[in-house]
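Colleague: Before I use this model, I would like the reasoning behind its labels. Please take me through them one at a time.

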Amino acid sequence: MVSEDVLRTHLQELRRGTVVVASLVALRRPDYGYALLQRLTEHGFPVDANTLYPLLRRLEDQGLLTSEWNTEESRPRKFYRTSDEGESMLSRLLDDLAAVQTSVTGLIQGVDR
């Protein structure tokens, strides 16, 4: 029987790449980090804040997200949004994700390619 630790590790590896896709999809609507964290969790992508914030900075550095500060509220918040380049990347990632799903389904069903 597989231990819970081994399972947790593999689930974490499986979700690591999908968090980028989920974030790019979710940030088609501008949002700030904490709200994104909650939204991802609500949709089955539990992410630690110590993982999400560096990811957001990396995606912004890569040009896949844009950001701006909202200083109108009592506490300034940085809002992120998927950029045009991010949309293009997301499209390619979603295509690849669909291809992976098709391949896995084929393996499960025993379909030869």
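Modeller: Start with N70, which stands opposite R77 in β3. Keep in mind that this is a predicted model.

Colleague: What makes β2 and β3 a pair of strands?

Modeller: Two strands pair if DSSP finds at least two bridges between them. Strand β2 (residues 65–70) and β3 have six bridges, in the antiparallel sense, so the criterion of at least two is met. Besides N70 and R77, E68 stands opposite F79 in β3, and S67 stands opposite Y80 in β3. The two strands, β2 and β3, form a hairpin with six residues between them.

Colleague: How do you know that β1 pairs with β3?

Modeller: Strand β1 (residues 31–32) and strand β3 (residues 77–82) are joined by two bridges, again antiparallel. The definition asks for at least two, so this pair qualifies. In this pairing D31 stands opposite Y80 in β3.

Colleague: Why are β1 and β2 called edge strands?

Modeller: The open sheet has three strands in the order β1-β3-β2, with antiparallel pairing. Both β1 and β2 pair on one side only, and that makes them the edge strands.

Colleague: Why is D31 called buried?

Modeller: The label buried means under 20% relative accessible area. D31, which lies in strand β1, has 9% relative accessibility and therefore counts as buried. Leaving aside residues up to four places away in sequence, D31 touches L36, R39, K78, F79 and Y80.

Colleague: What makes the pair of R39 and D31 a salt bridge?

Modeller: The requirement is a side-chain nitrogen of Lys or Arg within 4 Å of a carboxyl oxygen of Asp or Glu. The closest N and O atoms of R39 and D31 are 2.9 Å apart, so the pair is a salt bridge. R39 also counts as buried, because its relative accessibility is 16%.

Colleague: Why does the contact between D31 and R39 also count as polar?

Modeller: A polar contact needs a pair of N or O atoms within 3.5 Å, one able to donate a hydrogen and the other to accept it. The side chains of D31 and R39 make such a contact at 2.9 Å.

Colleague: How do you know that R29 belongs with them in a network?

Modeller: The side chains of R29 and D31 meet in a salt bridge, with an N to O distance of 4.0 Å. The cut-off is within 4 Å, so this pair is accepted. D31 has a salt bridge with R39 too, and R29, D31 and R39 are accordingly linked in a network of salt bridges. A search of the whole structure finds six salt bridges.

Colleague: What do E60 and K78 tie together?

Modeller: Their side chains meet in a salt bridge at 3.3 Å, N to O. E60 lies in helix α3 (residues 49–61) and K78 in strand β3, so the pair ties together parts that are 18 residues apart in sequence.

Colleague: Why are E60 and K78 labelled partly exposed?

Modeller: The class lies between the limits for buried, under 20%, and exposed, over 50%. E60 has a relative accessible area of 22%, so it is partly exposed. K78, with 23%, is partly exposed as well.

Colleague: Why is L14 called exposed?

Modeller: L14 lies in helix α1 (residues 4–26). Its relative accessibility is 61%, so L14 counts as exposed, the threshold being over 50%.

Colleague: What makes V2, V6, L7, L11 and L14 a nonpolar patch?

Modeller: A patch takes residues with over 30% relative accessible area and no salt bridge, and nonpolar side chains are joined within 5 Å. V2, V6, L7, L11 and L14 form such a patch on the surface, with about 450 Å² of accessible area together.

Colleague: Which class does S103 fall into, and why?

Modeller: S103, in helix α4 (residues 84–109), has 31% relative accessibility and so counts as partly exposed. The C-alpha atoms of S103 and L36 are separated by 30 Å, and the two residues are 67 residues apart along the chain.

Technical notes
Residues numbered from 1 in each chain as written. Predicted model: local features only at pLDDT ≥ 70, side-chain atom pairs only at ≥ 80, totals over all residues. Heavy atoms only, no water. Patch = residues over 30% accessible without salt bridge, like charges linked within 9 Å, V, L, I, M, F, W, Y side chains within 5 Å. Areas by Shrake-Rupley, 256 points an atom, 1.4 Å probe, with all protein chains shown as cover. Helix = DSSP H or I, 4+ residues; strand = E, 2+ residues; numbered from the N terminus. Buried < 20%, exposed > 50% of the residue type's maximum accessible area, 1.4 Å probe, protein only. Contact = heavy atoms within 4.5 Å.
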